[in-house]
Amino acid sequence: MKTIHNLKEMQEYIAFQRAEGKTVGLVPTMGALHEGHLSLIHAAGKENDRVVVSIFVNPTQFGANEDFDQYPRDLKTDSELAEKAGADIIFNPEARDMYPADISTSIRMGSIAEGLCGRYRPGHFDGVAIVVNKLFNLVNPHRAYFGQKDAQQVQVIRQMVQDLNMEVEIVSCPIVRESDGLAMSSRNVYLSEDERVSARLLNQALEEGRTFIQKGCRDPGELRQLIQKLLQSDPRLQVQYIEIVHPSTLQPLQLLQKPVMIALAVHIGKTRLIDNIIIEE
Ligand code: AMP
């Protein structure tokens with residue numbers, strides 16, 4: 001496996017691979033790799049001749065009071081994990097090259113970025129969109145792999161690809177969870193032992209929600225209340241939002257008609273966690 005830091009070198013490598021008729025899969029990450037990321041690398045390896053894993057803690061998607069400085073960074077461990085999972089290239093650009101001082105272009109995502117996390121993280125998805133757009137231009141992949149864990153991110157990227165006529169297939173992969181149901185996240189390392197125990201409630205509440213729908217509940221308001229009550233039963237949890245939406249449009253549902261996505265964001269101490277489930281038709 002090879003590590004590329006230089007932007008031009010990345011483009012030249014891909015131009016060569018494409019000229020040889022190879023297909024390319026891209027897995028964009030911010031590093032601190034776990035089984036969730038590795039599942040994307042596995043999926044990319046099954047469908048493409050070459051797999052590029054980008055590792056870049058993207059400054060433009062962090063708000064002023066968010067955890068950009070504390071975000072875990074360990075390129076050596078990440079490289080070992082990515083290689084074992086089947087990566088051919090680690091692309092690890094420098095922030096000063098991705099965002100030179102004279103950069104002037106920005107992207108403003110519209111309504112798809114307004115609800116859910118977008119409401120509480122202004123500018124976040126604009127930052128995601130510009131970095132993913134740049135990564136697509138640098139890596140020119142046939143396919144790019146994203147986790148359903150960040151459900152709104154997947155839809156924002158799909159919207160951008162459609163709006164800008166980009167020629168890349170977006171593949172969304174299922175959420176990988178710990179044995180007690182907690183969705184894997186690079187931010188789980190921030191949790192204390194007690195907080196880690198409390199964090200199980202997120203998935204438990206979502207599963208209760210699923211059961212409620214399966215039993216025939218039609219009222220999103222009732223469903224939200226049920227989940228809120230469950231989460232509030234633990235004083236360590238502070239609910240930011242619980243939304244019941246259509247999984248593609250992310251529009252709130254007036255009636256619980258499948259497919260349904262239940263998405264939530266919760267603070268546990270200083271850590272913000274998100275999770276979701278989709279109840280299919
Ligand atoms: P991040 O490094 O957090 O930006 O995540 C990189 C990619 O991995 C994103 O597409 C995430 O949605 C995906 N990802 C993160 N956690 C998980 C998980 N538990 N299961 C599946 N995909 C995940």
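The structure holds 1 cavity of 30 Å³ or more. On a 1 Å grid over the protein atoms alone, a cavity is a set of points where a 1.4 Å probe fits but cannot get out. Grid points are joined across faces, edges and corners, and a volume is the space filled by probe spheres set on the points. This is a predicted model, in which local features need pLDDT of at least 70 and side-chain atom pairs count only at pLDDT 80 or more, while totals for chains, interfaces and linings use all residues. Residues are numbered from 1 along each chain as its sequence is written, and side-chain values use heavy atoms, without hydrogens and water.

The largest cavity has a volume of about 30 Å³. Its lining (residues with an atom within 4 Å of a point) consists of Lys149, Leu182, Ala183, Ser185, Asn188, Leu202, Leu273, Ile274 and Asp275. Strand β9 (residues 271-279) gives the largest share, 3 residues. By class, 5 lining residues are nonpolar, 2 polar and 2 charged. Ala, Val, Leu, Ile, Met, Phe, Trp, Tyr, Cys and Pro count as nonpolar; Asp, Glu, Lys and Arg count as charged; the others, Gly among them, count as polar. Strands (E, at least two residues) and helices (H or I, at least four) are DSSP runs, numbered from the N terminus.

Open space was also examined. A pocket is an open set of points with protein on both sides within 12 Å along at least five of seven lines. The second largest pocket contains about 210 Å³ of space. It is lined by 16 residues, of which Ile55, Phe56, Val57, Arg73 and Asn92 are the closest to its centre. The lining comprises 10 nonpolar, 2 polar and 4 charged residues.

The ligand has 17 residues around it (a heavy atom within 4 Å), and His37, Gly147, Asp150, Val176 and Met184 come nearest. This shell divides into 9 nonpolar, 6 polar and 2 charged residues. β2 (24-29), α2 (35-47) and β5 (143-147) each supply at least two of them. The largest share, 3 residues, comes from α2.

An N or O atom in the side chain of Asp150 is 2.6 Å from an oxygen atom of the ligand. Backbone N or O atoms also approach the ligand: that of Met30 lies 2.9 Å from an oxygen atom, and that of Val176 lies 2.8 Å from a nitrogen atom. The protein covers 93% of the 480 Å² of accessible area (Shrake-Rupley method, 1.4 Å probe) that the ligand has on its own.

How values were computed: Polar contact = N/O pair within 3.5 Å; in protein donor to acceptor, adjacent residues only side chain to side chain.
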